[in-house]
Amino acid sequence: MKKTVIFALLASVCSTTFASNTASSLPNTDVFLVKLNNNKLVSAKNISNRLGYDNQPNFIDGGLLYTAGLQTGEPWQTDVMLYDFKTKQTTNLTNTKVSEYSPTKVPNEDSFSVILEEHDGSQELWQYGLNKPKAAKLLRKEVGKIGYHAWGRNYDLITFVLGEPHSLYFGNTQKQTGKPVAGNIGRTLAFNQTLNVYSFSQYKNNQQWITLFNSEDHSFKPVLQLPEGVDYYAWQGDDALIYGKENVIYRWSLNSAKKPSKWLDLSAHCEHKVTRLKYQKETELLAFVCDRS
């Protein structure tokens, strides 16, 4: 794990290569945690609250994982942080010299998965223990570089594989299976446990459509067109989708004939742009990323 890596995070997550590997060349983003009550905003807190790159929030029981960029030397790299809801403290869970990002709780295990960039530039899916230190292990290898992933049931998952265009792969880590199922996809992957469907965005006629993928019959259903300039969305409960445009979050009920409506105005907390979103139904907590760059 102690390998020197030339950092290329934004090449993987944004398909853009930056010549400079310093924190000043990357977006200035913060992770916020919002408490809701009956879909109304109660409070919002900047839990990263520093100058630099903090992004990619994902809920676990009792806390929030996110990616943090650290400039402790050369090259610049990322670690996975855990914000504990009870103690309100943040812990560096990986603390390595490689870059880990897209932290995601592995279902039914006391661990989380990440995209890890190797010394040769490869980007693969790895796993770390959540509470007890364990050696990281490679979960699977894909054809090409992985940018994002989302877990389904029984170790099934979908992955975003970089390419021209980017591809959606479906597979299983225990069976070591995986094959492309869709192309020309966007950056957000998710799984709806209740409906047992994956979701991703796909470009059609230069517009991104949130599309549902049923892994049992391999069917696809476009359900909502995202506004121009919007790359991220999230499930809000079982039957609604949310996305941020500028500093307002919009909400749309699945299969509704109505257009998305304004849900939360976050201008008092984020002056610029809301990007990534995650929602936890059980606690009515919303995590969002504010891009201040």
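This is a short talk on the pocket, two of the sheets and the confidence scores of one protein model.

Okay, hi everyone. Before anything else: what we have here is a predicted model. So how confident is the predictor, on average? The mean pLDDT of the chain is 88, and 89% of the residues reach at least 70. There's one stretch to watch, though. Residues 1–22 have a pLDDT below 50. That stretch still makes 64 contacts in the model beyond near neighbours in sequence. Keep in mind that where pLDDT is low, the predicted coordinates shouldn't be read in detail.

Right, on to the pocket. If you roll a probe the size of a water molecule over the atoms, you see where empty space is left. Here, the largest pocket holds about 1300 Å³ of space. Its lining is made of 40 residues, and the closest to the centre are N58, F59, F191, K278 and Y279. Several strands give two or more residues to that lining, among them strand 3 (54–60), strand 7 (99–105) and strand 23 (273–280). Which strand gives the most? That's strand 15, with six residues. As for chemistry, the lining splits into 17 nonpolar, 14 polar and nine charged residues.

Let's stay with strand 15, since it also belongs to a sheet. Four strands make an open sheet in the order 15-16-17-18, paired antiparallel. At the edges you find strand 15 and strand 18 (219–225), each pairing on one side only. On average, neighbouring strands in this sheet are turned by 30 degrees against each other, ignoring direction.

Now zoom in on the pairs. Strand 15 and strand 16 (residues 197–204) are antiparallel, with five bridges; one place to look is I185, whose bridge partner in strand 16 is Q202. Strand 17 (residues 207–214) is joined to strand 18 by six bridges, and there you can spot L212 opposite K221 of strand 18. Those two strands, 17 and 18, form a hairpin with four residues between them. In the turn, H218 has a positive phi of about 55 degrees.

One more sheet, and I'm done. This one is open too, with four strands in the order 19-20-21-22 and antiparallel pairing. Why is one side of strand 19 and of strand 22 (261–265) left without a neighbour in the sheet? They stand at the edges, so each has a single partner strand. Further in, strand 20 (residues 240–245) and strand 21 (residues 248–253) pair antiparallel over six bridges, and A240 has S253 of strand 21 as its bridge partner.

Thanks, that's it from me.

Notes:
Residues are numbered from 1 along each chain as its sequence is written. This is a predicted model: local features need pLDDT of at least 70, side-chain atom pairs count only at pLDDT 80 or more; totals for chains, interfaces and linings use all residues. Side-chain values use heavy atoms; hydrogens and water are left out. On a 1 Å grid over the protein atoms alone, a cavity is a set of points where a 1.4 Å probe fits but cannot get out, and a pocket is an open set with protein on both sides within 12 Å along at least five of seven lines; lining residues have an atom within 4 Å of a point. Grid points are joined across faces, edges and corners, and a volume is the space filled by probe spheres set on the points. Ala, Val, Leu, Ile, Met, Phe, Trp, Tyr, Cys and Pro count as nonpolar, Asp, Glu, Lys and Arg as charged, and the others, Gly among them, as polar. pLDDT is the predictor's confidence in each residue, from 0 to 100. Contact means heavy atoms within 4.5 Å. Two strands pair if DSSP finds at least two bridges between them. Axes are lines fitted to C-alpha atoms, for helices over the stretch in contact, and angles run from 0 to 180 degrees between N-to-C directions.
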